[in-house]
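Trainee: I am new to this structure and would like a close look at a single part of it. Please take the backbone, and the places where it departs from the usual.

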Amino acid sequence: MSLEAEALRKKLAELLSWERRKRHEQILTAVFCYALLAALFTLPFHGLLETVISRWFIPILFFGVMAPFFLVRGYWGLADSARALARIDKTLRLDERTLTAWELLERNETRAAALMVLKQAGEKLANLDPQALFRRNWSWQAYCALPLLLLWLGLLWFDVGLRFDGGVQFSPPQTVAQRLREFSRTLQEKAKNEGLDESLRVGRELEQLAQKGIDEKTGDERFKADLAGVQNKIATMGKSAAEQQPLSASESQQDLRDLKAELEAARDLLNIGDATKGSRELGKQWLDQLATLPQLKKQFEKEGQAGQSLSQSDLKSLLDKLDNQATRELDRRTLLDAQQFLEQLMKQGPGEKGESDVKVAGQGERDSPEDNETTNNRSNLPGKEPGKREGESASVPEFQAGAAAHVKGLLGEGGSSGVVLKAKPSGGKSEISQDEVIASYRRQAEAELNPERVPEALRETIKNYFLSLGIGKE
Amino acid sequence: MEAVAEIETRMQRARHSFDDLKAEMARIIVGHEGLIEQVFIALVCGGHCLLEGVPGLGKTLMVRSLGEILSLSFSRIQFTPDLMPADITGTNVLTDDPSGRKIFEFQRGPVFAHIVLADEINRATPKTQSALLEAMQEQSVTVGGKVHRLENPFMVLATQNPIEMEGTYPLPEAQVDRFFFKLLLQYPTRDELARIADFTTAGPPVALHEVLDAADILQMRQWVRDVPLADLVKDYAVRLLLSTHPQREPGKEAAPLAQKFVLYGSSPRGLQSVILAAKARALLAGRPNVSFEDIRQMLPPSLRHRLILNLEADAEGIGAEKILSEVVERVPEVP
C-alpha cells in the first residue's frame, strides 16, 4: 500500500470516527432526555423505588436501563460508514470519490483506475478538518435535556410530588417497635399531666424498649418476645395496685379527675383558712364549701366523715389519703389500658391500624362501648337472646334518682363542681370539648334508658311491625 | 505512479476528444447536444440506438456527420415494406471470374459499415427487421452458409416515425430490448430553427474535421469498462431497476405508478445498459469513478423502451418517462 493510500486510509478513519462519535453522543443525549421524561412521568410512584435507590438517582436508573438498548439499536456498521461517506461526498461535491475510494481501500484494489480514484480522493481530503466542517447537529432531545434536568432537580428540591393513594399504602408499614414508641410517648404525656408516677415509669420503660428495638432493627416477632416480659410486669403492677384498696372501680374516669381537682381546691381552701381563720370557723366554712364539691362530699360520706368537724390535720391527712387513692386508681386504670394496648399489639402485625388503640391509651377513658365498636357481645346480633344484659363495664357511672342533678354540664341544676374546679385547667389533654362531653353523656343516657339491646338499624322495622299488628287487628 | 499518470492521460484525452466532438458537431447540427452525447456514449459502450422523432429533425445528417468526425464509414438503409433481408445483409451474385468462369461472389450489403442508419425500421417486414437485428446481435451476417464479420466498431441507429404508424410493423418488445438506448428527438426551439435556416440555406456546406478514429473508439470502450464503480452506487442502480417492476421483493413497495401501469419491468439488460452508460459518462466528464448523478442521467434512455405498459397507461396517457421520473424521486441514493 502506497503512502498516499495509507494517508487516505487514516483520513477516512478519522472522518468515520468523528461521525461515529457524533452518533453516540446523539444517542446518549436522547436517552438522557427520555430518562428524565420517564422519571418525571413516574414521579407519583417513586415511593416504590425509594427502598432501592434514592429519588435523586432515579433518572440514572432509567438511563442505565435504556442506554444499552438504544446503543445496540444504533450500532455503527459498514452500511453506516457508507452512508456517512456518501453524505460527505454530497457536502463536498466529490461525486462519490470518497465513497469509492473507501471501498477500493477495503478491497485492496491495485488497478490503475482504482489508484487514480484514491489519488484524487486523497488530494481532496488531505486538508479536511472533519470537526470544523461537519459540526454536531443536536436534535430536539438534546435541547430538552437541560430544561428537563432543571425541572427534575427543582421538583425534588422543593419536594413537589404526588403520592399515589388509591387505597394502597406505599409508605413502609410501621413496625411494632415504632408503634410502641408512639404509644409510650403518649402515655408519658398523660401520666405527667395527671401526676401518675407508675404510669410515667412504665411509659419511660416502654419507650426505652421501643427505641432499642428501632435502633437494633429488631424483627417484629423477636421484639414481641421482648415485649412479653414487660407486659407481664405491667400486669403484676396492675394487680398489686388493685390490692392496695384504691377507690371503687365503679367511679368513672371523669369522676376521679373531678375528685382530684376538688381535692386540690379543698387544699387551697384549707391553706387560706390556716392563715386567716380560727379552727371553729374553719370547720363551719369547710362544711359550707363541701356542699359545692360533690365528689369530695361523696367520698366523705363513704368514709363516714361527712357531718363531722375534723381538725385541720385530720382533714389534711384525709385529703391526702383520698388523693393517693384517686391517683392509684387512675394509675391502675392507665396501666390496664396500657396492658390492653400491649395485648392488641402482640396480636396485630406491623402496619395494621392501631390509631384507635393509641387514642384509647392517650385518653385513658372508655366509659361505655362506642356505637361503632365491634365487640363480642352476643346481644348485638339480631335474633340471639335480645334484651340480655351481659354486664356493664366498670367505667359506666351509677345513675341515681334525680339523674338530672348529677348530669355534668347542666348549669343551674343542683350543685356542680365542674364549673368551679375547672377554673384551673392544666395544659394538654385535660381539656375536653363540650361536644365530646355531650356525646358521651348522651350515650350513657341512652344506654341506661334503653336496656333492651336491639340494634339501631332494626328498631324502626320492629316498631313498624308492632304498629302494623295493631292496625291489622283493627 | 506510472499507471496513475497513464490513467490521468487517458481521462484527459477522453474528455478532450469528447469536447472536440461536440464542438465539431455543433458546427453542423443545431441543438441536440444531449442527443449527441448519448449517441457517443452508446458508441463507446458498444451499443445500438433507437431514435424516435418526426421527420426532418436532422437524424440522417447527425449520424452522417458523426461518422465523418469519427472517421467511421456510414451507410443509410431506408426501410420499406418491400425491403428484403438480402437488401440489408448482401447476397451472392453470379459473376465472371478473370478466367471467364461463372462464380458466386458475395456482394456486401449496406450493413457492412461502422455506422448504419436504419431509417423507419418499423416499415419493413419482421423478416427484414430480424436480418438487421441478427447482425446487431452477432456482429456478423451469414449468407450462403458463410459467416461474414461486420466492421468494428459497429453501431446501428434505427429510427421510428411516431406519426405514420399505420401499415407498419412495430418492433416486438424482445427486439426493442436489444437496443442500448432509445433516444427521443425533440422539435427544435425558435432560436434553433433560425440557426438551422442559417446553416442550411446560406453558405457552403461545412467541412468537418476528424477527431477520433475506429482504434480510438475501441480503446475508449476498454477504458469505459475500467472505470471503478462503488457497491453503494451499483446498489442504487439495482434498486432503481427493481422499482420499475410492479411486484417487488416482499416487504418493499413498488412505485405507485409502476404498480398501476407497468405490465413488465426492465430486464437485466437495462441494468447493464445503465451501468455501462454511467461509466462512459463519468469517463467523458473526466471523473475517475461513477457517481449517483451518472446513474440518474443514464436511466431514462436506458429503460424507457424496456418498460412494457398496460392498456390503462395508454388510456390515461401515462408514458415510461413519467414512471421513471417517479422511480428516481422515490428511490433514495442510500437506503
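Mentor: A residue counts as exposed if 12 or fewer other C-beta atoms lie within 10 Å of its own, and as buried if 20 or more do. Keep in mind that the model is predicted. As background, most residues other than glycine have a negative phi, and most peptide bonds are trans.

Start with Asn108(A), a residue other than glycine whose phi is positive, near 55°. Asn108(A) sits in the loop that runs between α5 (97–107) and α6 (112–125) of chain A. It has 9 other C-beta atoms within 10 Å, and is therefore exposed.

In chain B, His32(B) also belongs to the residues other than glycine, and its phi is positive, near 60°. The loop that holds His32(B) lies between α1 and α2 (33–45) of chain B. Its surroundings hold 22 other C-beta atoms within 10 Å, so His32(B) is buried.

The next case concerns a peptide bond. The one from Asn152(B) to Pro153(B) is cis, and its omega is near 5°. Pro153(B) is part of the loop between β7 (146–149) and β8 (155–160) of chain B.

The helix α1 of chain B, which comes before the loop of His32(B), also has a part in the meeting of the chains. There, 19 residues of chain B are in contact with 18 residues of chain A. On the side of chain B, α1 (2–26) and α9 (231–243) are the elements that give two or more residues, and α1(B) gives the most, with 5 residues. By class, that side has 11 nonpolar, 2 polar and 6 charged residues.

Methods: Residues are numbered from 1 along each chain as its sequence is written. Chains are lettered from A and ligands numbered from 1 in the order in which they are written. This is a predicted model: local features need pLDDT of at least 70, side-chain atom pairs count only at pLDDT 80 or more; totals for chains, interfaces and linings use all residues. Two residues are in contact if their C-beta atoms, placed from the backbone, lie within 7 Å. Helices (H or I, at least four residues) and strands (E, at least two) are DSSP runs, numbered from the N terminus. Ala, Val, Leu, Ile, Met, Phe, Trp, Tyr, Cys and Pro count as nonpolar, Asp, Glu, Lys and Arg as charged, and the others, Gly among them, as polar.
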